[in-house]
Amino acid sequence: MSTPKISVRDVEKIFPVGNENFVALGGVSLDIADNEFVTVVGPSGCGKSTLLNILAGLEKPTGGTALVDGKPVSGPGPERGVIFQQYALFPWLTVRENVEFGMRTAKVPGDERRRRAEHFIRLVGLEQFADALPKTLSGGMKQRCAIARAYAVNPSILLMDEPFGALDALTRVRLQEQLLETWSKDRRTVMFITHDVDEAVFLANRVVVMGARPGRIVEVIDVDLPYPRDEDMRLSPEFGELRNRVWHSVYHQRQIKEPAQ
Amino acid sequence: MAVINADATRAATPRTRKSRTFLVLNIVSVVAGVAIWWGLSLAGLQFPSPAEVVAAGWTMIQDGSLVTDVGASLGRVLAGFALGSVAAVLVGFVMGWYTVARGLFEPWIQFFRTIPPLAMLPLVLVLMGIGESPKIFVIFLAAFLACVISTYQGVVSVDRTLINAGRVLGAGDGTIFARVVVPASTPFILVGMRVGLGSAWGTLVAAELLAAQAGLGHRMQSAQLYYDLPTIFVGIITIGVLGLIMDRLLMLAGNKLTAWQENR
Ligand SMILES: Nc1ncnc2c1ncn2[C@@H]1O[C@H](COP(=O)(O)OP(=O)(O)O)[C@@H](O)[C@H]1O
Ligand SMILES: [Mg+2]
């Protein structure tokens, strides 16, 4: 078997909170293969963002190791693009300047930078807004800009933290479809966090269900539905069954947990 | 010195009927104020009438004294304000960026903030003599103290996600600082600079009242010896108008620089 693209080995993250230690992640292990699309669902506070931030190199695990391409993560890197729920666009830069940001830090020459920015702005359908400031964009457009900004550095991995969580249902579904369409062409490895079970099943090869206190992986569910996936698929009995399984897995752990509190 | 909050630096709302009514009220108020002033002076109060003040102002313009005084005062305030703002921005950034610097600077800044800059003037005059430097130094202090905390606040309140976004796009510390922290704290710096300018202007005039051979404050001080009320009025009005103009210019520049801000 080839080395997994992402390999998380017994990762533990403990935050000191006052005099006590809060176990945000208690020994999480997970492999993600190259070209795989993995979604992570779980109740809020179960450590999804913490896991993603560790892979992004924004936080260090207090135990265990996180490997990307077989090498331990020691900080952010250009092979890992990150997309945040709050868009995190630089509000003082235009769409184009935002998209060029990563290429500037990578010292990509001006001509190529502009050409590539142009390409990715068109890919996400923002060509008419290339010179607009983020404050003039809707939530969906902002997230499309953030996606173009991440793509522009050409990462082989996309780490997405509830990217569509703040969008209205229709925009969310559109962006899901566009994301899958792009993914089926370029096959970047994706780890996508969501709290929306429907979204988790619709996008993924595999759904990782996490639980809280301590943050851990409860179950990993394979999604054997063929790509390309479209709206009709959401109505199919297979999809419904998978959704029920994931939902049950997310919901059930809450049932056990609550009385113990 | 006016206390300005962040909202006050935001751009004016689009021209609406409301803002036009407002403007009309403003004009009515100014005209009525001048009329009352005129009425009081006619009623035998010790005031010079507006006409006398205008005449005095015109004479002072013609003999060049007003221009000299304005030049002297503006030169001092701009020098002190520019130095103070630059120092405040540098120190504020260093304080926000390095915990060590913050620990070292903080007690001194907090201490000097509680002292009105003018209270330093006697000491400064003794140490620096009676030339330009003590006055510029006191103005510098006023502008610096008003602006430094604001800059520091701006740096520490930069949205963590923006810094993270920069880091995952490959930016190192230097790039994060120059391309994320600096632009993100501009609104704070500008608010600080506006407060600093008000503070500098107020300190200037008082410093000139105490120790100067030229300048608006000095002019008013010598007019006082001769009971020359029109000249004092010209001084007061000039100070007010110049202060207002500088504040508005800074506000316009600020609005340009921070036009990217959401929900304005
Ligand atoms: N810097 C921190 N200090 C203390 N606790 C933290 C910190 N970051 C996250 N946590 C806690 O760790 C838990 C997991 O957080 P997070 O990974 O953001 O959860 P999720 O993304 O699944 O909602 C939460 O209970 C949160 O309060
Ligand atoms: Mg989260």
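How much area do domain 1 of chain A and domain 2 of chain A bury between them, and what share of it is on carbon and sulfur atoms? In this predicted model, the two domains bury about 940 Å² between them, with 59% of that on carbon and sulfur atoms.

## Inside chain A

Let's start with how the chain is cut up. The domain assignment gives chain A a domain 1 made of 1-77 + 174-261 and a domain 2 covering 80-154. Taken over C-alpha atoms, their centres are 26 Å apart. The contact between them draws 16 residues from domain 1 of chain A and nine residues from domain 2 of chain A.

On the domain 1 side, A:Gly77, A:Leu175 and A:Arg188 lose the most area to domain 2 of chain A, and together they make up 46% of what that side buries. What about charge pairing and polar contacts? The rule finds zero salt bridges across this domain interface, but it does find five residue pairs in polar contact, both residues being at pLDDT 80 or more.

Which elements give two or more residues to the domain 1 side? They are helix H1 (48-56) and helix H5 (169-186) of chain A. H5(A) gives the most there, with five residues. By class, that side of domain 1 of chain A divides into nine nonpolar, five polar and two charged residues.

## Where chain A meets chain B

Now for the interface between the chains. Here 25 residues of chain A are in contact with 20 residues of chain B. The area buried between chain A and chain B is about 1900 Å², and carbon and sulfur atoms give 70% of it. Three residues stand out on the chain A side: A:Trp92, A:Phe101 and A:Lys135 supply 34% of the area that chain A buries against chain B, more than any other three residues.

Here are the two interfaces side by side.

| Interface | Buried area | Carbon and sulfur share |
|---|---|---|
| Chain A and chain B | about 1900 Å² | 70% |
| Domain 1 of chain A and domain 2 of chain A | about 940 Å² | 59% |

How many salt bridges does the rule find across the interface of chain A and chain B? It finds one. That salt bridge joins the side chains of A:Lys142 and B:Glu262, at 3.2 Å from N to O. The rule also finds four residue pairs in polar contact across this interface, again with both residues at pLDDT 80 or more.

As for secondary structure, strand S6 (80-83), helix H2 (95-105) and helix H4 (139-151) of chain A are the elements that give two or more residues to the side touching chain B. H2(A) gives the most, with four residues. Sorted by class, this side of chain A has 15 nonpolar, five polar and five charged residues.

## Salt bridges over the whole structure

A search of the whole structure turns up 25 salt bridges over all chains. One pair within chain A is A:Arg9 with A:Asp31, whose side chains meet at 3.0 Å from N to O. Why does this pair tie together parts that are 22 residues apart in sequence? Because A:Arg9 lies in strand S1 (residues 6-17) of chain A and A:Asp31 lies in strand S2 (residues 20-32) of chain A.

## Chain B

Over to the partner chain. Chain B comes to 10 helices and zero strands. Its C-alpha atoms fill a box of roughly 75 × 55 × 30 Å along the principal axes. The domain assignment splits chain B into domain 1 (1-47) and domain 2 (48-257), and 24 Å separate the centres of these two domains, taken over C-alpha atoms.

The UniProt record (an unreviewed entry) annotates "transmembrane region" at residues 21-40, 77-99, 111-130, 136-155 and 225-246 of chain B. How do two of those spans look in the model? Residues 21-40 of chain B are 100% helix and 0% strand, with end C-alpha atoms 28 Å apart. Residues 136-155 of chain B are likewise 100% helix and 0% strand, and the end C-alpha atoms of that span lie 27 Å apart.

UniProt also lists residues 70-250 of chain B, in an unreviewed entry, as "domain: ABC transmembrane type-1". In the model, that span is 86% helix and 0% strand, and its end C-alpha atoms lie 19 Å apart.

Conventions. Residues are numbered from 1 along each chain as its sequence is written. Chains are lettered from A and ligands numbered from 1 in the order in which they are written. Side-chain values use heavy atoms; hydrogens and water are left out. Contact means heavy atoms within 4.5 Å. Buried area is the accessible area (1.4 Å probe) that two parts lose on being put together, summed over both. A salt bridge is a side-chain nitrogen of Lys or Arg within 4 Å of a carboxyl oxygen of Asp or Glu. A polar contact is a pair of N or O atoms within 3.5 Å; within protein, one must be able to donate a hydrogen and the other to accept it, and residues adjacent in sequence count only if both atoms are side-chain atoms. Ala, Val, Leu, Ile, Met, Phe, Trp, Tyr, Cys and Pro count as nonpolar, Asp, Glu, Lys and Arg as charged, and the others, Gly among them, as polar. Domain bounds come from an automatic or database domain assignment. UniProt positions are given in the numbering used here, feature names are shortened, and annotations may be inferred rather than shown by experiment.
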